[in-house]
Amino acid sequence: MKKLFALRGAVQCENTKEDICTQVGLMYNELLSKNKLKEDDLVSVIFSVTNDLDAVNPATALRSTGRAGGDMSLFSAQEPMCANSVERIIRVIIHCYLDEGSKPNHVYLNGAQVLRPDRK
């Protein structure tokens with residue numbers, strides 16, 4: 001039996017199209033790999049991005065990697081500006097189906113680990 005879960009992830013990027021595409025692809029692949037997911041198990045992928053990353057939309061970046069098939073729902077939003085926030089961060093929530101009783105594995109990469117020190 002499968003149950004709906006929300007996987008979280010974040011990655012810190014340089015503000016270039018190349019780095020955003022690379023880092024978003026790595027984070028996505030790591031989330032799928034660590035959770036033994038196939039894209040057919042995904043429902044939606046929602047990104048938020050800090051205002052200092054404007055070289056490319058993270059949803060566009062993911063599609064450019066050749067992943068995230070045509071019917072998958074992707075959405076991006078700008079992160080609220082807050083004092084002392086970590087810069088150059090893309091966050092993601094992936095809604096997916098995992099086997100009931102599964103423990104979701106969240107992913108924080110390339111400097112984003114500081115956002116969730118409890119997830120080391």
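The legends below describe close-up views of a predicted model.

**View 1. The largest nonpolar core and the residues with the most partners in it.** Of the 29 residues that make up the largest nonpolar core, V45, F47, I90 and I94 touch the most other members. At least two residues of this core come from each of β1 (residues 2-12), α1 (17-34), β2 (42-49), α2 (58-64) and β4. Helix α1 gives the most to the core, with 7 residues.

**View 2. The surroundings of F47.** When neighbours within four places in sequence are left aside, F47 is in contact with V24, M27, P58, A59, L62, F75, S76, A77, I90, R91 and V92. Two of these partners, V24 and M27, are among the buried residues of α1, and F47 itself is one of the residues that touch the most other members of the largest nonpolar core, as is its partner I90.

**View 3. F75 in strand β3 and its contacts.** F75 is placed in strand β3, and, not counting residues up to four places away in sequence, F75 touches V45, I46 and F47. Two of the residues touched, V45 and F47, are also named among those with the most contacts to other members of the largest nonpolar core. From F75 to I94 the separation is 19 residues in sequence, and their C-alpha atoms lie 11 Å apart in space.

**View 4. Helix α1, its length and its cover.** With 18 residues at 1.5 Å a residue, α1 should span 26 Å, and its end C-alpha atoms are indeed 26 Å apart, which agrees. The buried residues of this helix are D19, I20, C21, Q23, V24, G25, M27, Y28, L31 and L32. The cover over the buried residues of α1 includes β1, β2, α2, β4 and β5 (107-109).

**View 5. A salt bridge within helix α1.** The side chains of K34 and E30 meet in a salt bridge, with 4.0 Å from N to O. Both residues lie in helix α1, where K34 and E30 are 4 residues apart, or about one turn of the helix. An α-helix has 3.6 residues a turn, so residues three or four places apart point the same way. K34 is partly exposed at 42% relative accessibility, and E30 is likewise partly exposed, with a relative accessible area of 30%.

**View 6. The salt bridges of K2.** Side chains of opposite charge can pair when their charged atoms come close. The structure holds 5 salt bridges, and one of them joins D41 to K2, with the closest N and O atoms 3.9 Å apart. Because D41 lies in the loop between α1 and β2 while K2 lies in strand β1, the pair ties together parts that are 39 residues apart in sequence. D41 is buried, with a relative accessible area of 13%, whereas K2 is partly exposed, with a relative accessible area of 43%. K2 also forms a salt bridge with D99, where the closest N and O atoms are 3.7 Å apart. This second pair links distant parts of the chain, since D99 is in strand β4 and K2 is in strand β1, 97 residues apart. D99 is partly exposed, with a relative accessible area of 45%. Salt bridges that share partners join K2, D41 and D99 into one network.

**View 7. Two loop residues with positive phi.** K36 has a positive phi of about 50° although it is not a glycine, and its place, just after α1, is in the loop between α1 and β2. K36 is exposed, with a relative accessible area of 74%. N84, also not a glycine, has a positive phi of about 65°, and N84 is placed in the loop between β3 (73-78) and β4. At 81% relative accessibility, N84 counts as exposed.

**View 8. A nonpolar patch at the surface.** L4, V43 and Y97 make a nonpolar surface patch of about 260 Å². Y97 is found in strand β4, which covers residues 89-99. Y97 is partly exposed, with a relative accessible area of 38%, and this value fits its place in the patch because patches are made of residues with over 30% relative accessible area and no salt bridge.

Definitions and conventions:
Residues numbered from 1 in each chain as written. Predicted model: local features only at pLDDT ≥ 70, side-chain atom pairs only at ≥ 80, totals over all residues. Heavy atoms only, no water. Patch = residues over 30% accessible without salt bridge, like charges linked within 9 Å, V, L, I, M, F, W, Y side chains within 5 Å. Areas by Shrake-Rupley, 256 points an atom, 1.4 Å probe, with all protein chains shown as cover. Buried < 20%, exposed > 50% of the residue type's maximum accessible area, 1.4 Å probe, protein only. Core = buried A, V, L, I, M, F, W, Y, C linked by side-chain atoms within 4.5 Å. Contact = heavy atoms within 4.5 Å. Expected span 1.5 Å × (residues − 1).
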